[in-house]
Amino acid sequence: MADADSILIIGAGQTGAVAAAALRDLGHEGPITLIGREAHAPYERPPLSKDVLHAPGAHGQTAVHPEDFYERQRVTLLTGTEAVQIDPAHRLVRLADGRDLPYSRCLLATGGSARELPSLPRGTPGVHYIRTLDDAAALRAGLIPQARVAVIGGGFLGLEVASTARALGAEVTVLESAPRLLERVLPPALSDWLAERARHAGVDLRLGARIARSGWQPHADATVRHQARFAIELQDADTIAADVVVVAIGLVPEVSLAAQAGLALDPANGGIQVDAACRSSDPYLYAAGDCASQHRRHLNQAMRLESWQNANEQARAAAAGMLGKPAPAEPYPWFWTDQYGCNVQMLGLPQPDLVYACRGVPQAQAEAPKFIWLGHRDGVPVHAIAINAGGDLRQLRVLFEQGIAIDPQRYADETVALKPLVKSCQQNAAAS
């Protein structure tokens with residue numbers, strides 16, 4: 001039988017490591033065991049497509065906690081170890097080496113895996129998927145000046161890899177099947193702005209690009225510097241030559257353990273269904289991070305949010321839930337990316353019938369453009385995209401969280417100081 005206070009965390013990534021710290025911060029004194037498939041201690045994944053690719057030694061700066069954290073906080077960290085089965089009836093987790101670990105509560109922080117193209121599975125020479133530190137290190141070796149890099153997928157990861165590869169001197173082509181970039185998270189005007197920014201940086205951006213079924217073949221002239229060469233044939237009969245191929249077409253939530261344990265899964269997004277406390281359909285099993293589907297009050301739907309913020313906030317909510325404490329307030333969804341010399345931050349997601357107002361001048365070719373597009377409904381902010389304006393976005397956040405209206409014309413007028421404007425909006429809301 002498990003210690004009455006024994007907690008297992010399956011998944012030694014950012015979510016699992018933050019949950020372990022939160023459990024201690026909330027006063028949990030019992031055993032905590034953190035189980036990770038990788039050989040590395042928990043690290044953050046956003047730097048993999050940026051800092052780690054820029055500088056091979058940067059991986060040491062990605063750790064979630066200092067090296068001595070796990071010993072100081074009495075967290076048993078099992079790296080290079082895989083959980084292969086959960087026995088909910090007896091509250092046991094079986095490891096690949098045959099050990100059975102008992103638990104009083106268990107958190108699934110299993111994240112996800114890179115979605116693969118069937119014709120380009122992992123292990124294909126010259127083809128890269130970016131999900132781990134080892135993946136990033138392998139790709140970095142191929143990002144040499146003049147290397148021809150084809151990036152399949154124009155989402156956040158693909159665009160970040162393309163930006164980094166261009167900065168390292170590679171020739172980059174991005175193939176995106178959708179008609180515009182990031183169409184699920186950006187309004188058309190911002191998609192167009194980002195596309196122009198990428199092209200100005202020297203990226204050969206192909207939108208609406210469809211790969212022909214028979215298009216994946218090794219290129220005829222063998223190898224260059226021991227890298228595989230490819231000819232990528234598109235349905236429009238064009239061919240892209242590449243020395244390196246990066247596939248960045250999304251993430252598949254890792255829910256095999258949850259499914260085996262009989263937990264309810266969200267049919268819409270494939271994640272593990274959890275409540276506000278991150279509790280699954282089994283009261284002793286919790287889930288958080290990329291693998292979890294939770295109803296989002298601000299978005300009015302159940303979603304899996306693949307973001308740095310969500311990894312942290314759900315980890316803390318799960319820790320509170322496992323200890324029977326109130327869940328922290330749900331934050332307004334926030335996302336960020338660094339690419340093409342710009343820090344891009346977003347609050348919320350696009351919704352139907354939003355009207356956008358812009359503060360600043362969205363010049364795609366400026367060295368350091370600064371502006372915020374704010375999407376509102378009858379003046380109430382719902383969605384915003386800030387380019388190199390994170391500080392201003394933080395000032396606006398309270399209006400999003402509290403549903404307070406702003407005058408779009410005054411907002412767009414840069415002669416009107418933002419901080420007093422936000423304060424006056426709050427005062428007007430309180431007086432009404």
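These exercises work through cysteines, a sheet, a helix and a pocket in a predicted model.

**Exercise 1. Cysteines**

Find how many disulfides the whole structure holds, and explain why cysteine 291 is not in one.

Solution.
- Start with the cut-off: a disulfide needs two cysteine sulfur atoms within 2.5 Å.
- Take cysteine 291. The closest cysteine sulfur belongs to cysteine 278 and lies 9.4 Å away, too far for a bond.
- Turn to cysteine 342. Its nearest cysteine sulfur is in cysteine 358, at 13 Å, and cysteine 342 is in no disulfide.
- Finish with the total: the search of the whole structure gives 0 disulfides.

**Exercise 2. Burial**

Decide whether cysteine 291 is buried or exposed. Do the same for cysteine 342.

Solution.
- Buried means under 20% relative accessible area.
- Cysteine 291 has 0% relative accessibility, so cysteine 291 counts as buried.
- Cysteine 342 has 3%, so cysteine 342 counts as buried.

**Exercise 3. The sheet**

Give the strand order of the open sheet, then state which strands stand at the edges.

Solution.
- The sheet has 5 strands, in the order E3-E2-E1-E7-E19.
- Their pairing is parallel.
- The edges are strand E3 (75–78) and strand E19 (285–287). Each has a single partner strand, so one side of each lacks a neighbour in the sheet.
- From one strand to the next, the twist averages 20 degrees.
- Look at one pair. Strand E2 (residues 32–35) and E3 run parallel and are joined by 4 bridges. Leucine 34 has leucine 77 in E3 as its bridge partner.

**Exercise 4. Helix H8**

Identify the strands that helix H8 touches, and place asparagine 310.

Solution.
- Helix H8 spans residues 308–322 and packs on the sheet.
- It touches strand E1 (7–10), strand E7 (105–108) and E19.
- The direction of H8 makes about 165 degrees with that of E7.
- Asparagine 310 sits in helix H8. Its relative accessibility is 3%, so asparagine 310 counts as buried.
- Leaving out residues up to four places away in sequence, asparagine 310 touches Gly289, Arg296, Leu305 and Ala315.

**Exercise 5. The second largest pocket**

State the volume of the second largest pocket. Then find which element supplies the largest share of its lining.

Solution.
- The space in the second largest pocket is about 280 Å³.
- Its lining counts 17 residues. Ala276, Gln294, Arg296, Glu330 and Pro331 lie nearest the centre.
- Strand E20 (292–296) and H8 each supply at least two lining residues.
- H8 gives the largest share, 5 residues.

Definitions and conventions. Residues numbered from 1 in each chain as written. Predicted model: local features only at pLDDT ≥ 70, side-chain atom pairs only at ≥ 80, totals over all residues. Heavy atoms only, no water. Buried < 20%, exposed > 50% of the residue type's maximum accessible area, 1.4 Å probe, protein only. Pairing = 2+ DSSP bridges. Axes fitted to C-alpha atoms, helices over the stretch in contact; angles between N-to-C directions. Contact = heavy atoms within 4.5 Å. 1 Å grid on protein atoms, 1.4 Å probe; cavity = no way out; pocket = protein on both sides within 12 Å on 5 of 7 lines; lining within 4 Å. Points joined across faces, edges and corners; volume = space filled by probe spheres on them.
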